[in-house]
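Here is a quick walk through one model, aimed at someone who likes to see contacts and geometry laid out together. Have a look at it first, then read on.

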Amino acid sequence: MENNTGIIPVEYHVIIKVEKVDDKSAGGIFLSEISQEREQMAHDKGWVVAISDMAFSDWNGRIPQPGEKVIFNKYAGSLIKVRNDKKEFEDFRLCNDKDIVAILLKE
């Protein structure tokens, strides 16, 4: 996955592209914009986009790589909205390496 955010993480930070939340509830009811934003902020899955040079330097075991899907702590880090080529906003999280709790190999 290419880092086209224009942001380079420093120290122990990573950038994660947050998985998009559906605009409908499980029962098929459309969620209000405020409810969608609340659900998006609470979402905890996404793809690693960029890793700083110091991130994961003290980890033991497998290190998440750009392009891999991960689970991270809810409400971790800062929510960043970046406009893509289609002029739509995409959500990213700039968070600490320790906020990543698992690598998703399959769903």
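Two strands count as paired when DSSP finds at least two bridges between them. With that in hand, keep in mind that this is a predicted model.

**The sheet**

Let's start with the overall layout. Six strands make up an open sheet, in the order 4-5-1-2-3-6, and the pairing is antiparallel. Strand 4 (78-83) and strand 6 sit at the edges, each pairing on one side only. Going from one strand to the next, the twist averages 40°.

Strand 1 is a handy place to zoom in. On one side, five bridges join strand 1 to strand 5, and the two run antiparallel. Ile15 has Leu94 of strand 5 as its bridge partner there. Strand 1 also pairs with strand 2, again in the antiparallel sense and over five bridges. Val14 finds its bridge partner in strand 2 at Ile51, while Lys17 stands opposite Trp47 of strand 2. One bit of background for reading these neighbours: in a regular strand, side chains alternate between the two faces of the sheet.

**Salt bridges**

How many salt bridges are there? The count comes to five. Here are three of them, with the N to O distance for each pair.

| Pair | N to O distance |
|---|---|
| Lys17 and Glu90 | 3.0 Å |
| Asp58 and Lys98 | 3.2 Å |
| Arg62 and Glu68 | 2.5 Å |

Lys17 turns up again here, this time through its side chain, in a salt bridge with Glu90. Lys17 belongs to strand 1 (residues 13-18) and Glu90 to strand 5 (residues 89-96), so this pair ties together parts that are 73 residues apart in sequence. Is Lys17 buried or exposed? Neither, really: Lys17 has 24% relative accessibility, which makes it partly exposed.

Next comes the salt bridge between Asp58 and Lys98. The pair links distant parts of the chain, 40 residues apart: Asp58 is in the loop between strand 2 (45-51) and strand 3 (69-72), and Lys98 is in the loop between strand 5 and strand 6 (100-104). Lys98 is partly exposed too, at 47% relative accessibility.

In the salt bridge of Arg62 with Glu68, the acidic partner is tucked away: Glu68 has a relative accessible area of 16% and is buried. The cut-off behind that call is under 20%.

**Aromatics and odd backbone angles**

The structure holds one aromatic pair. Its members are Phe56 and Trp59, whose ring centres are 4.5 Å apart with the planes at 85°, so the pair is edge-to-face. Which of these rings belongs to a buried residue? Phe56 does, with a relative accessible area of 3%. Trp59, at 23%, is partly exposed.

Phe56 has something else worth a look. Although it is not a glycine, Phe56 has a positive phi of about 65°. This residue lies in the loop between strand 2 and strand 3, the loop that also holds Asp58.

Glu11 is another residue to check on a Ramachandran plot: a positive phi of about 50°, and again not a glycine. Glu11 is found in the segment before strand 1.

How values were computed: Residues are numbered from 1 along each chain as its sequence is written. This is a predicted model: local features need pLDDT of at least 70, side-chain atom pairs count only at pLDDT 80 or more; totals for chains, interfaces and linings use all residues. Side-chain values use heavy atoms; hydrogens and water are left out. A salt bridge is a side-chain nitrogen of Lys or Arg within 4 Å of a carboxyl oxygen of Asp or Glu. Helices (H or I, at least four residues) and strands (E, at least two) are DSSP runs, numbered from the N terminus. Buried means under 20% relative accessible area, exposed over 50%, partly exposed in between (1.4 Å probe, protein chains only). Rings of Phe, Tyr and Trp (its six-membered ring) pair if their centres lie within 6.5 Å; planes under 30 degrees apart count as stacked, over 60 as edge-to-face and the rest as tilted. Axes are lines fitted to C-alpha atoms, for helices over the stretch in contact, and angles run from 0 to 180 degrees between N-to-C directions.
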